[in-house]
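Visitor: Please take a close look at the pockets of this model, and at what lines them. I would also like the surroundings described, as far as they can be.

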Amino acid sequence: MSAPIPRDEAIERFAGLNSAYYREAFRHIGERRGYVPSFNIAAALLGPVWLGGRRLWSAFWPFLIADLLAVVLVAFALSGGASTEQGARADRLETLAATRALEAKAANDKDASSSMARSLTRSASALDQAAKDARQAAEAAQSGASLIVALGGGLFVAARISAGGLANHLAERRFRAWRLGGDAGAGGFSLPHALGAAALLAVFVPIIFLHFADRTLFEAFPSDPAWNSNAAAWLDTAIGSLSRTVAPAAGALTRAINGMLGLMEGILTQTPWPVVMAVILALAWQLAGFRVFLLTFVAVSYLAILGYWEKSMQTVALLGTAALISIAIGIPLGVLCGYNKRVAAIVRPLLDFMQTMPAFVYLIPVIALFGIGKPSGIIATIIFGIPPVVRLTALGIASVPASVREAAVAFGASRTFILFKVDLPTAAPSIMAGISQTILMCLSMVVIAALIGAKGLGEDVLHALQYAAQGQGLLAGLAILLCAIVLDRVVQGRQSS
(Lines give C-alpha, C1' and ligand atoms only; values in the text may rest on other atoms or scores of the structure.)
Protein backbone atom coordinates (compact mmCIF):
# COMPACT_ATOMS: atom_id res chain seq x y z
CA MET A 1 0.00 0.00 0.00
CA SER A 2 1.56 3.33 -1.14
CA ALA A 3 2.10 6.13 1.35
CA PRO A 4 -0.29 9.11 1.11
CA ILE A 5 0.93 12.10 -0.87
CA PRO A 6 1.91 15.06 1.35
CA ARG A 7 -0.74 17.78 1.42
CA ASP A 8 1.38 20.49 -0.21
CA GLU A 9 2.40 18.14 -3.02
CA ALA A 10 -1.19 17.05 -3.48
CA ILE A 11 -2.33 20.68 -3.72
CA GLU A 12 0.36 21.37 -6.30
CA ARG A 13 -0.81 18.43 -8.41
CA PHE A 14 -4.47 19.40 -8.00
CA ALA A 15 -4.09 23.13 -8.64
CA GLY A 16 -1.64 23.02 -11.50
CA LEU A 17 -1.50 26.76 -12.17
CA ASN A 18 -0.64 29.09 -9.28
CA SER A 19 -0.28 26.25 -6.76
CA ALA A 20 1.35 28.50 -4.14
CA TYR A 21 -1.77 30.66 -3.98
CA TYR A 22 -4.01 27.62 -3.50
CA ARG A 23 -1.76 26.16 -0.79
CA GLU A 24 -2.20 29.33 1.24
CA ALA A 25 -5.93 29.64 0.45
CA PHE A 26 -6.68 26.00 1.36
CA ARG A 27 -4.63 26.30 4.57
CA HIS A 28 -6.54 29.44 5.53
CA ILE A 29 -9.90 27.79 4.81
CA GLY A 30 -9.00 24.65 6.73
CA GLU A 31 -8.10 26.53 9.90
CA ARG A 32 -11.71 27.37 10.77
CA ARG A 33 -15.16 25.92 10.26
CA GLY A 34 -17.87 27.58 8.24
CA TYR A 35 -17.31 30.26 5.66
CA VAL A 36 -13.86 31.84 5.76
CA PRO A 37 -13.47 35.11 3.81
CA SER A 38 -11.44 34.33 0.71
CA PHE A 39 -11.56 36.02 -2.69
CA ASN A 40 -10.28 34.57 -5.95
CA ILE A 41 -9.65 37.39 -8.43
CA ALA A 42 -9.31 35.04 -11.41
CA ALA A 43 -12.71 33.48 -10.68
CA ALA A 44 -14.29 36.91 -10.25
CA LEU A 45 -12.91 38.13 -13.58
CA LEU A 46 -13.47 34.98 -15.63
CA GLY A 47 -16.63 33.68 -13.91
CA PRO A 48 -17.99 30.59 -15.70
CA VAL A 49 -14.77 30.23 -17.71
CA TRP A 50 -12.74 29.72 -14.51
CA LEU A 51 -15.40 27.39 -13.03
CA GLY A 52 -15.42 25.33 -16.22
CA GLY A 53 -11.64 25.14 -16.28
CA ARG A 54 -11.69 23.87 -12.69
CA ARG A 55 -14.51 21.42 -13.57
CA LEU A 56 -16.76 22.85 -10.86
CA TRP A 57 -19.90 22.01 -12.81
CA SER A 58 -22.36 22.36 -9.94
CA ALA A 59 -21.41 26.04 -9.76
CA PHE A 60 -20.66 26.54 -13.46
CA TRP A 61 -24.24 26.31 -14.70
CA PRO A 62 -25.85 28.68 -12.14
CA PHE A 63 -23.20 31.33 -12.76
CA LEU A 64 -23.41 30.89 -16.54
CA ILE A 65 -27.19 31.37 -16.35
CA ALA A 66 -26.72 34.44 -14.14
CA ASP A 67 -24.32 35.98 -16.66
CA LEU A 68 -26.65 35.26 -19.57
CA LEU A 69 -29.63 36.67 -17.66
CA ALA A 70 -27.66 39.85 -16.98
CA VAL A 71 -26.83 40.11 -20.69
CA VAL A 72 -30.50 39.60 -21.58
CA LEU A 73 -31.56 42.44 -19.27
CA VAL A 74 -28.95 44.81 -20.65
CA ALA A 75 -29.65 43.93 -24.30
CA PHE A 76 -33.40 44.23 -23.71
CA ALA A 77 -33.02 47.69 -22.19
CA LEU A 78 -30.56 48.94 -24.83
CA SER A 79 -32.92 47.87 -27.61
CA GLY A 80 -35.67 50.03 -26.14
CA GLY A 81 -37.20 47.49 -23.79
CA ALA A 82 -40.95 47.33 -23.65
CA SER A 83 -41.12 50.82 -25.16
CA THR A 84 -40.48 49.36 -28.63
CA GLU A 85 -43.71 47.38 -28.66
CA GLN A 86 -45.61 50.12 -26.87
CA GLY A 87 -44.32 52.69 -29.35
CA ALA A 88 -45.34 50.53 -32.30
CA ARG A 89 -48.81 50.15 -30.78
CA ALA A 90 -49.05 53.89 -30.22
CA ASP A 91 -48.08 54.50 -33.87
CA ARG A 92 -50.78 52.13 -35.09
CA LEU A 93 -53.40 53.73 -32.87
CA GLU A 94 -52.41 57.25 -33.94
CA THR A 95 -52.67 56.27 -37.61
CA LEU A 96 -56.04 54.64 -37.05
CA ALA A 97 -57.26 57.62 -34.99
CA ALA A 98 -56.26 60.04 -37.75
CA THR A 99 -58.06 57.93 -40.36
CA ARG A 100 -61.17 57.70 -38.21
CA ALA A 101 -61.08 61.46 -37.56
CA LEU A 102 -61.11 62.12 -41.32
CA GLU A 103 -64.04 59.72 -41.73
CA ALA A 104 -65.90 61.46 -38.89
CA LYS A 105 -65.23 64.90 -40.43
CA ALA A 106 -66.55 63.73 -43.77
CA ALA A 107 -69.67 62.28 -42.14
CA ASN A 108 -70.24 65.48 -40.12
CA ASP A 109 -69.87 67.64 -43.19
CA LYS A 110 -72.48 65.53 -44.93
CA ASP A 111 -74.98 65.24 -42.03
CA ALA A 112 -73.84 66.10 -38.52
CA SER A 113 -77.06 64.80 -36.96
CA SER A 114 -76.83 61.29 -38.42
CA SER A 115 -76.12 58.29 -36.21
CA MET A 116 -73.16 57.35 -38.42
CA ALA A 117 -71.53 60.75 -37.86
CA ARG A 118 -72.02 60.54 -34.10
CA SER A 119 -70.69 56.97 -34.01
CA LEU A 120 -67.59 57.87 -36.02
CA THR A 121 -66.96 60.91 -33.83
CA ARG A 122 -67.11 58.82 -30.68
CA SER A 123 -64.86 56.18 -32.24
CA ALA A 124 -62.30 58.81 -33.31
CA SER A 125 -62.28 60.32 -29.83
CA ALA A 126 -61.82 56.91 -28.19
CA LEU A 127 -59.01 55.97 -30.56
CA ASP A 128 -57.26 59.29 -29.96
CA GLN A 129 -57.40 58.75 -26.20
CA ALA A 130 -56.12 55.17 -26.59
CA ALA A 131 -53.22 56.43 -28.73
CA LYS A 132 -52.32 59.02 -26.08
CA ASP A 133 -52.40 56.36 -23.36
CA ALA A 134 -50.20 54.05 -25.45
CA ARG A 135 -47.72 56.86 -26.09
CA GLN A 136 -47.53 57.63 -22.38
CA ALA A 137 -46.95 53.95 -21.65
CA ALA A 138 -44.15 53.88 -24.24
CA GLU A 139 -42.49 56.91 -22.68
CA ALA A 140 -42.80 55.38 -19.21
CA ALA A 141 -41.24 52.14 -20.48
CA GLN A 142 -38.43 54.11 -22.11
CA SER A 143 -37.69 55.90 -18.86
CA GLY A 144 -37.48 52.53 -17.10
CA ALA A 145 -34.82 51.23 -19.50
CA SER A 146 -31.99 52.72 -17.42
CA LEU A 147 -33.30 50.88 -14.37
CA ILE A 148 -33.24 47.59 -16.30
CA VAL A 149 -29.66 48.28 -17.41
CA ALA A 150 -28.70 48.94 -13.81
CA LEU A 151 -30.46 45.74 -12.75
CA GLY A 152 -28.61 43.71 -15.38
CA GLY A 153 -25.28 45.28 -14.51
CA GLY A 154 -25.91 44.75 -10.81
CA LEU A 155 -26.75 41.10 -11.41
CA PHE A 156 -23.54 40.63 -13.41
CA VAL A 157 -21.39 42.30 -10.76
CA ALA A 158 -23.10 40.40 -7.93
CA ALA A 159 -22.60 37.11 -9.76
CA ARG A 160 -18.90 37.80 -10.33
CA ILE A 161 -18.34 38.90 -6.71
CA SER A 162 -20.14 35.76 -5.52
CA ALA A 163 -18.00 33.64 -7.83
CA GLY A 164 -14.84 35.20 -6.44
CA GLY A 165 -15.99 34.74 -2.85
CA LEU A 166 -17.01 31.11 -3.29
CA ALA A 167 -14.34 29.92 -5.71
CA ASN A 168 -11.66 28.92 -3.20
CA HIS A 169 -14.19 27.15 -0.98
CA LEU A 170 -15.54 25.21 -3.96
CA ALA A 171 -12.04 24.32 -5.10
CA GLU A 172 -10.99 23.26 -1.58
CA ARG A 173 -14.02 21.00 -1.22
CA ARG A 174 -13.31 19.45 -4.59
CA PHE A 175 -9.63 19.04 -3.62
CA ARG A 176 -10.63 17.02 -0.56
CA ALA A 177 -12.82 14.75 -2.69
CA TRP A 178 -10.06 14.48 -5.30
CA ARG A 179 -7.47 13.56 -2.69
CA LEU A 180 -9.67 10.89 -1.15
CA GLY A 181 -10.52 9.46 -4.55
CA GLY A 182 -6.98 9.61 -5.85
CA ASP A 183 -8.14 10.56 -9.36
CA ALA A 184 -5.01 12.25 -10.65
CA GLY A 185 -6.63 12.90 -14.02
CA ALA A 186 -9.22 15.26 -12.53
CA GLY A 187 -6.71 17.78 -11.14
CA GLY A 188 -5.18 20.88 -12.65
CA PHE A 189 -6.74 23.61 -14.75
CA SER A 190 -8.39 22.15 -17.86
CA LEU A 191 -7.76 24.50 -20.77
CA PRO A 192 -10.17 22.63 -23.12
CA HIS A 193 -13.00 22.94 -20.60
CA ALA A 194 -12.25 26.62 -20.04
CA LEU A 195 -12.23 27.21 -23.81
CA GLY A 196 -15.53 25.35 -24.10
CA ALA A 197 -17.09 27.59 -21.46
CA ALA A 198 -15.71 30.67 -23.21
CA ALA A 199 -17.12 29.40 -26.51
CA LEU A 200 -20.58 29.11 -24.96
CA LEU A 201 -20.43 32.73 -23.86
CA ALA A 202 -18.97 33.79 -27.23
CA VAL A 203 -21.92 32.16 -29.02
CA PHE A 204 -24.79 33.01 -26.67
CA VAL A 205 -23.99 36.67 -25.97
CA PRO A 206 -24.01 37.78 -29.66
CA ILE A 207 -27.19 35.76 -30.26
CA ILE A 208 -28.90 37.61 -27.40
CA PHE A 209 -27.89 41.03 -28.71
CA LEU A 210 -28.86 40.10 -32.29
CA HIS A 211 -32.26 38.93 -31.08
CA PHE A 212 -33.07 42.22 -29.39
CA ALA A 213 -31.63 44.22 -32.27
CA ASP A 214 -33.90 42.43 -34.75
CA ARG A 215 -36.82 40.66 -33.08
CA THR A 216 -37.70 38.79 -36.29
CA LEU A 217 -34.29 37.09 -36.52
CA PHE A 218 -35.03 34.43 -33.89
CA GLU A 219 -38.79 34.93 -33.72
CA ALA A 220 -39.64 31.28 -34.24
CA PHE A 221 -37.86 27.99 -34.69
CA PRO A 222 -37.47 27.27 -38.40
CA SER A 223 -39.94 24.51 -39.16
CA ASP A 224 -42.21 23.44 -41.98
CA PRO A 225 -45.95 23.74 -41.21
CA ALA A 226 -46.49 20.70 -43.38
CA TRP A 227 -44.70 18.56 -40.81
CA ASN A 228 -47.34 19.43 -38.23
CA SER A 229 -50.17 18.81 -40.67
CA ASN A 230 -48.76 15.48 -41.83
CA ALA A 231 -48.15 14.29 -38.26
CA ALA A 232 -51.68 15.31 -37.23
CA ALA A 233 -53.16 13.54 -40.26
CA TRP A 234 -51.18 10.40 -39.48
CA LEU A 235 -52.40 10.45 -35.88
CA ASP A 236 -56.00 10.95 -37.03
CA THR A 237 -55.69 7.90 -39.26
CA ALA A 238 -54.02 5.84 -36.53
CA ILE A 239 -56.62 6.75 -33.91
CA GLY A 240 -59.43 6.02 -36.36
CA SER A 241 -57.98 2.59 -37.17
CA LEU A 242 -57.42 1.84 -33.48
CA SER A 243 -60.97 2.93 -32.68
CA ARG A 244 -62.41 0.55 -35.27
CA THR A 245 -60.17 -2.28 -34.10
CA VAL A 246 -61.00 -2.00 -30.41
CA ALA A 247 -64.66 -1.07 -30.91
CA PRO A 248 -65.99 -4.46 -29.65
CA ALA A 249 -63.77 -4.42 -26.55
CA ALA A 250 -64.51 -0.72 -25.97
CA GLY A 251 -68.22 -1.41 -26.20
CA ALA A 252 -67.99 -4.24 -23.67
CA LEU A 253 -65.92 -2.08 -21.30
CA THR A 254 -68.40 0.77 -21.67
CA ARG A 255 -71.33 -1.51 -20.82
CA ALA A 256 -69.49 -2.89 -17.78
CA ILE A 257 -68.68 0.60 -16.50
CA ASN A 258 -72.23 1.77 -17.17
CA GLY A 259 -73.60 -1.21 -15.24
CA MET A 260 -71.33 -0.60 -12.25
CA LEU A 261 -71.98 3.12 -12.27
CA GLY A 262 -75.73 2.64 -12.69
CA LEU A 263 -75.85 0.27 -9.73
CA MET A 264 -73.88 2.61 -7.47
CA GLU A 265 -75.75 5.71 -8.60
CA GLY A 266 -79.09 3.96 -8.17
CA ILE A 267 -78.24 2.94 -4.61
CA LEU A 268 -77.16 6.45 -3.64
CA THR A 269 -79.85 8.46 -5.42
CA GLN A 270 -82.90 6.16 -5.24
CA THR A 271 -82.54 5.22 -1.59
CA PRO A 272 -84.37 7.74 0.62
CA TRP A 273 -82.00 10.51 1.65
CA PRO A 274 -82.50 10.02 5.43
CA VAL A 275 -81.26 6.44 5.10
CA VAL A 276 -78.23 7.37 3.02
CA MET A 277 -77.39 10.27 5.32
CA ALA A 278 -77.70 8.10 8.42
CA VAL A 279 -75.44 5.42 6.93
CA ILE A 280 -72.82 8.02 5.93
CA LEU A 281 -72.80 9.55 9.42
CA ALA A 282 -72.63 6.12 11.08
CA LEU A 283 -69.68 5.09 8.91
CA ALA A 284 -67.89 8.36 9.67
CA TRP A 285 -68.33 7.82 13.43
CA GLN A 286 -67.40 4.14 13.27
CA LEU A 287 -64.36 4.52 11.05
CA ALA A 288 -62.95 7.91 12.01
CA GLY A 289 -64.39 9.02 15.36
CA PHE A 290 -66.58 11.76 16.72
CA ARG A 291 -64.68 14.75 15.25
CA VAL A 292 -64.99 13.41 11.70
CA PHE A 293 -68.63 12.61 12.46
CA LEU A 294 -69.25 16.29 13.25
CA LEU A 295 -67.39 17.35 10.10
CA THR A 296 -69.45 14.92 8.03
CA PHE A 297 -72.69 16.19 9.60
CA VAL A 298 -71.81 19.77 8.65
CA ALA A 299 -70.87 18.70 5.11
CA VAL A 300 -74.01 16.66 4.40
CA SER A 301 -76.15 19.40 5.92
CA TYR A 302 -74.57 21.93 3.55
CA LEU A 303 -75.18 19.63 0.57
CA ALA A 304 -78.78 18.98 1.53
CA ILE A 305 -79.79 22.53 2.48
CA LEU A 306 -78.38 24.14 -0.68
CA GLY A 307 -79.87 21.50 -2.98
CA TYR A 308 -76.69 19.67 -3.90
CA TRP A 309 -77.68 16.32 -2.40
CA GLU A 310 -78.61 14.45 -5.58
CA LYS A 311 -75.74 15.87 -7.62
CA SER A 312 -73.28 15.12 -4.83
CA MET A 313 -74.49 11.52 -4.78
CA GLN A 314 -73.99 11.35 -8.56
CA THR A 315 -70.47 12.72 -8.03
CA VAL A 316 -69.76 10.17 -5.30
CA ALA A 317 -71.05 7.39 -7.58
CA LEU A 318 -68.81 8.55 -10.41
CA LEU A 319 -65.90 8.93 -8.02
CA GLY A 320 -66.58 5.60 -6.32
CA THR A 321 -66.66 3.71 -9.60
CA ALA A 322 -63.42 5.28 -10.81
CA ALA A 323 -61.72 4.89 -7.43
CA LEU A 324 -62.73 1.24 -7.01
CA ILE A 325 -61.40 0.36 -10.46
CA SER A 326 -58.21 2.37 -9.83
CA ILE A 327 -57.63 0.65 -6.48
CA ALA A 328 -58.45 -2.80 -7.89
CA ILE A 329 -55.81 -2.29 -10.59
CA GLY A 330 -53.36 -0.16 -8.63
CA ILE A 331 -52.77 -2.23 -5.48
CA PRO A 332 -51.84 -5.52 -7.27
CA LEU A 333 -49.70 -3.57 -9.73
CA GLY A 334 -48.04 -1.71 -6.85
CA VAL A 335 -47.34 -5.00 -5.03
CA LEU A 336 -45.76 -6.39 -8.20
CA CYS A 337 -43.63 -3.26 -8.60
CA GLY A 338 -42.58 -3.49 -4.95
CA TYR A 339 -41.36 -7.06 -5.44
CA ASN A 340 -39.89 -6.76 -8.94
CA LYS A 341 -37.54 -3.88 -9.77
CA ARG A 342 -37.67 -4.63 -13.50
CA VAL A 343 -41.43 -4.27 -13.57
CA ALA A 344 -41.12 -1.08 -11.52
CA ALA A 345 -38.62 0.33 -14.02
CA ILE A 346 -41.12 -0.32 -16.85
CA VAL A 347 -44.19 0.95 -14.99
CA ARG A 348 -42.61 4.12 -13.54
CA PRO A 349 -42.33 6.00 -16.88
CA LEU A 350 -45.94 5.09 -17.67
CA LEU A 351 -47.06 6.49 -14.32
CA ASP A 352 -45.02 9.64 -14.95
CA PHE A 353 -46.75 10.00 -18.32
CA MET A 354 -50.21 9.49 -16.79
CA GLN A 355 -49.58 12.12 -14.10
CA THR A 356 -47.81 14.76 -16.16
CA MET A 357 -49.93 14.60 -19.31
CA PRO A 358 -52.64 17.32 -19.08
CA ALA A 359 -56.08 15.80 -18.62
CA PHE A 360 -57.49 17.68 -21.61
CA VAL A 361 -54.93 16.00 -23.86
CA TYR A 362 -55.75 12.40 -23.02
CA LEU A 363 -59.46 13.18 -23.15
CA ILE A 364 -59.08 13.29 -26.93
CA PRO A 365 -58.17 9.60 -27.50
CA VAL A 366 -60.58 8.55 -24.72
CA ILE A 367 -63.46 10.26 -26.53
CA ALA A 368 -62.31 8.78 -29.85
CA LEU A 369 -62.35 5.25 -28.40
CA PHE A 370 -65.31 5.39 -26.01
CA GLY A 371 -67.41 8.34 -27.15
CA ILE A 372 -68.87 11.12 -25.03
CA GLY A 373 -70.55 10.24 -21.75
CA LYS A 374 -70.02 8.99 -18.24
CA PRO A 375 -67.85 5.95 -19.17
CA SER A 376 -65.33 8.23 -20.90
CA GLY A 377 -65.29 10.48 -17.84
CA ILE A 378 -64.66 7.48 -15.60
CA ILE A 379 -61.86 6.15 -17.83
CA ALA A 380 -60.17 9.56 -17.88
CA THR A 381 -60.52 9.73 -14.11
CA ILE A 382 -59.00 6.25 -13.75
CA ILE A 383 -55.98 7.26 -15.83
CA PHE A 384 -55.47 10.25 -13.55
CA GLY A 385 -56.16 8.35 -10.32
CA ILE A 386 -54.14 5.13 -10.65
CA PRO A 387 -50.55 6.50 -10.22
CA PRO A 388 -50.73 7.48 -6.51
CA VAL A 389 -51.96 4.11 -5.29
CA VAL A 390 -49.43 2.24 -7.45
CA ARG A 391 -46.51 4.38 -6.30
CA LEU A 392 -47.35 4.33 -2.60
CA THR A 393 -48.20 0.62 -2.58
CA ALA A 394 -44.87 -0.16 -4.26
CA LEU A 395 -43.11 2.10 -1.77
CA GLY A 396 -44.80 0.39 1.17
CA ILE A 397 -43.96 -3.11 -0.05
CA ALA A 398 -40.36 -2.16 -0.84
CA SER A 399 -40.00 -0.57 2.61
CA VAL A 400 -40.91 -3.73 4.55
CA PRO A 401 -37.78 -4.64 6.58
CA ALA A 402 -35.98 -7.69 5.24
CA SER A 403 -35.58 -8.97 8.81
CA VAL A 404 -39.37 -9.24 9.18
CA ARG A 405 -39.63 -11.38 6.07
CA GLU A 406 -36.68 -13.50 7.13
CA ALA A 407 -38.32 -14.17 10.49
CA ALA A 408 -41.53 -15.27 8.75
CA VAL A 409 -39.57 -17.55 6.39
CA ALA A 410 -37.70 -19.02 9.36
CA PHE A 411 -41.03 -20.08 10.85
CA GLY A 412 -42.00 -21.80 7.60
CA ALA A 413 -44.38 -19.14 6.20
CA SER A 414 -45.43 -19.49 2.58
CA ARG A 415 -45.21 -16.67 0.04
CA THR A 416 -48.96 -16.15 0.24
CA PHE A 417 -48.81 -15.97 4.04
CA ILE A 418 -45.93 -13.46 3.86
CA LEU A 419 -47.87 -11.30 1.38
CA PHE A 420 -51.17 -11.18 3.28
CA LYS A 421 -49.97 -11.47 6.87
CA VAL A 422 -46.60 -9.70 6.78
CA ASP A 423 -46.06 -7.39 3.81
CA LEU A 424 -49.54 -5.94 3.32
CA PRO A 425 -50.15 -5.24 7.04
CA THR A 426 -46.71 -3.66 7.38
CA ALA A 427 -47.23 -1.56 4.26
CA ALA A 428 -50.83 -0.69 5.20
CA PRO A 429 -50.17 2.96 6.19
CA SER A 430 -48.49 3.67 2.87
CA ILE A 431 -51.21 1.82 0.95
CA MET A 432 -53.97 3.71 2.76
CA ALA A 433 -52.24 6.98 1.95
CA GLY A 434 -52.17 5.90 -1.70
CA ILE A 435 -55.89 5.06 -1.61
CA SER A 436 -56.66 8.45 -0.06
CA GLN A 437 -54.60 10.24 -2.70
CA THR A 438 -56.29 8.28 -5.47
CA ILE A 439 -59.74 9.23 -4.19
CA LEU A 440 -58.78 12.89 -4.03
CA MET A 441 -57.20 12.79 -7.49
CA CYS A 442 -60.37 11.21 -8.86
CA LEU A 443 -62.49 13.85 -7.18
CA SER A 444 -60.34 16.60 -8.70
CA MET A 445 -61.38 15.33 -12.14
CA VAL A 446 -65.14 15.86 -11.68
CA VAL A 447 -65.14 19.26 -13.40
CA ILE A 448 -63.07 18.01 -16.34
CA ALA A 449 -65.23 14.88 -16.60
CA ALA A 450 -68.29 17.14 -16.80
CA LEU A 451 -66.92 18.47 -20.09
CA ILE A 452 -67.53 15.11 -21.74
CA GLY A 453 -70.96 14.35 -20.31
CA ALA A 454 -70.40 13.27 -16.71
CA LYS A 455 -73.04 14.61 -14.36
CA GLY A 456 -72.72 15.79 -10.79
CA LEU A 457 -71.25 18.80 -9.06
CA GLY A 458 -68.72 19.32 -11.83
CA GLU A 459 -71.59 20.25 -14.14
CA ASP A 460 -72.57 23.14 -11.85
CA VAL A 461 -69.01 24.44 -11.74
CA LEU A 462 -68.78 24.18 -15.52
CA HIS A 463 -72.01 26.13 -15.99
CA ALA A 464 -70.77 28.77 -13.55
CA LEU A 465 -67.59 29.16 -15.60
CA GLN A 466 -69.54 29.43 -18.85
CA TYR A 467 -71.93 32.10 -17.58
CA ALA A 468 -69.57 33.87 -15.13
CA ALA A 469 -71.83 33.01 -12.19
CA GLN A 470 -69.28 33.58 -9.44
CA GLY A 471 -71.57 32.83 -6.50
CA GLN A 472 -72.95 29.63 -7.98
CA GLY A 473 -69.47 28.46 -8.89
CA LEU A 474 -68.12 29.08 -5.40
CA LEU A 475 -71.04 27.23 -3.78
CA ALA A 476 -70.59 24.21 -6.06
CA GLY A 477 -66.82 24.31 -5.60
CA LEU A 478 -67.26 24.35 -1.82
CA ALA A 479 -69.54 21.32 -2.12
CA ILE A 480 -66.79 19.45 -4.00
CA LEU A 481 -64.27 20.55 -1.36
CA LEU A 482 -66.46 19.23 1.47
CA CYS A 483 -66.89 15.90 -0.31
CA ALA A 484 -63.12 15.64 -0.70
CA ILE A 485 -62.42 16.46 2.95
CA VAL A 486 -65.01 14.00 4.26
CA LEU A 487 -63.83 11.19 2.00
CA ASP A 488 -60.21 11.77 2.93
CA ARG A 489 -60.93 11.80 6.68
CA VAL A 490 -63.13 8.71 6.54
CA VAL A 491 -60.65 6.73 4.46
CA GLN A 492 -57.76 7.70 6.75
CA GLY A 493 -59.88 6.46 9.67
CA ARG A 494 -59.04 7.21 13.28
CA GLN A 495 -55.56 8.43 12.30
CA SER A 496 -57.21 11.71 11.29
CA SER A 497 -59.40 12.10 14.37
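Guide: What follows starts with the open pockets, goes on to the enclosed space, and ends with some single residues and aromatic rings.

The model is predicted, and local features are described only where pLDDT is at least 70. Totals for linings, however, use all residues.

The largest pocket holds about 660 Å³ of space. Several helices give two or more residues to the lining of this pocket: α11, α12 (273-288), α13 (290-305), α14 and α22 (470-492). The biggest share comes from α14, which gives seven residues. In total 24 residues line the largest pocket, and those that lie nearest its centre are I280, L283, V316, L487 and V490. By class, the lining of the largest pocket is made up of 23 nonpolar residues and one polar residue, with no charged residues.

The second largest pocket has a volume of about 320 Å³. Its lining has 14 residues, and M354, I379, I382, I383 and I386 are the ones that lie nearest the centre. At least two residues each are supplied to this second lining by α11, α14, α15 (341-356), α16 (359-370) and α17 (374-398). Here α17 gives the most, with four residues. The lining of the second largest pocket has 14 nonpolar residues, and neither polar nor charged ones.

Helices α11 and α14 thus appear in the list for the largest pocket and again in the list for the second largest pocket. They also take part in the enclosed space of the model. The count of cavities of 30 Å³ or more comes to one, and the space in the largest cavity is about 30 Å³. Lining this cavity are L261, E265, Q314, L318, K374, A454 and K455. Both α11 and α14 (309-339) supply at least two residues of that lining. By class, the cavity lining has three nonpolar, one polar and three charged residues. Charged residues are thus present around the cavity, whereas the lining of the largest pocket has none, and the lining of the second largest pocket has none either.

Helix α11 can be followed further through one of its residues. T254 lies in this helix, which spans residues 247-270. T254 counts as buried because its relative accessibility is 15%, and the cut-off for buried is under 20%. A polar atom of the T254 side chain lies 2.7 Å from the backbone oxygen of A250. Beyond its neighbours within four places in sequence, T254 is in contact with F370 and P375. The first of these partners, F370, falls at the end of the range given for α16 (359-370), and P375 falls within that given for α17 (374-398).

Another buried residue is found in helix α21. This helix covers residues 457-467 and includes L462. L462 has a relative accessible area of 13% and is therefore buried. Residues up to four places away in sequence aside, L462 touches A450 and L451. From L462 to I148 the separation is 314 residues in sequence, and 43 Å in space from C-alpha to C-alpha.

A loop residue adds a further case. S190 sits in the loop between α8 (145-181) and α9 (191-213). With a relative accessible area of 7%, S190 is buried. Its side chain is joined to that of H193 by a polar contact of 2.5 Å. Not counting residues up to four places away in sequence, S190 touches G53 and R55.

The aromatic rings come last. The structure holds 13 aromatic pairs. One of them is formed by F60 and W61, whose rings are edge-to-face, 4.8 Å centre to centre, with 75° between the planes. The two residues of this pair fall into separate accessibility classes: F60 is buried at 2% relative accessibility, while W61 is partly exposed at 46%. Elsewhere in the sequence, F14, Y21, Y22, F26, F175 and W178 form one aromatic cluster.

Definitions and conventions. Residues numbered from 1 in each chain as written. Predicted model: local features only at pLDDT ≥ 70, side-chain atom pairs only at ≥ 80, totals over all residues. Heavy atoms only, no water. Buried < 20%, exposed > 50% of the residue type's maximum accessible area, 1.4 Å probe, protein only. Polar contact = N/O pair within 3.5 Å; in protein donor to acceptor, adjacent residues only side chain to side chain. Contact = heavy atoms within 4.5 Å. 1 Å grid on protein atoms, 1.4 Å probe; cavity = no way out; pocket = protein on both sides within 12 Å on 5 of 7 lines; lining within 4 Å. Points joined across faces, edges and corners; volume = space filled by probe spheres on them. Nonpolar A, V, L, I, M, F, W, Y, C, P; charged D, E, K, R; others polar. Phe/Tyr/Trp six-rings, centres within 6.5 Å; stacked < 30°, edge-to-face > 60°.
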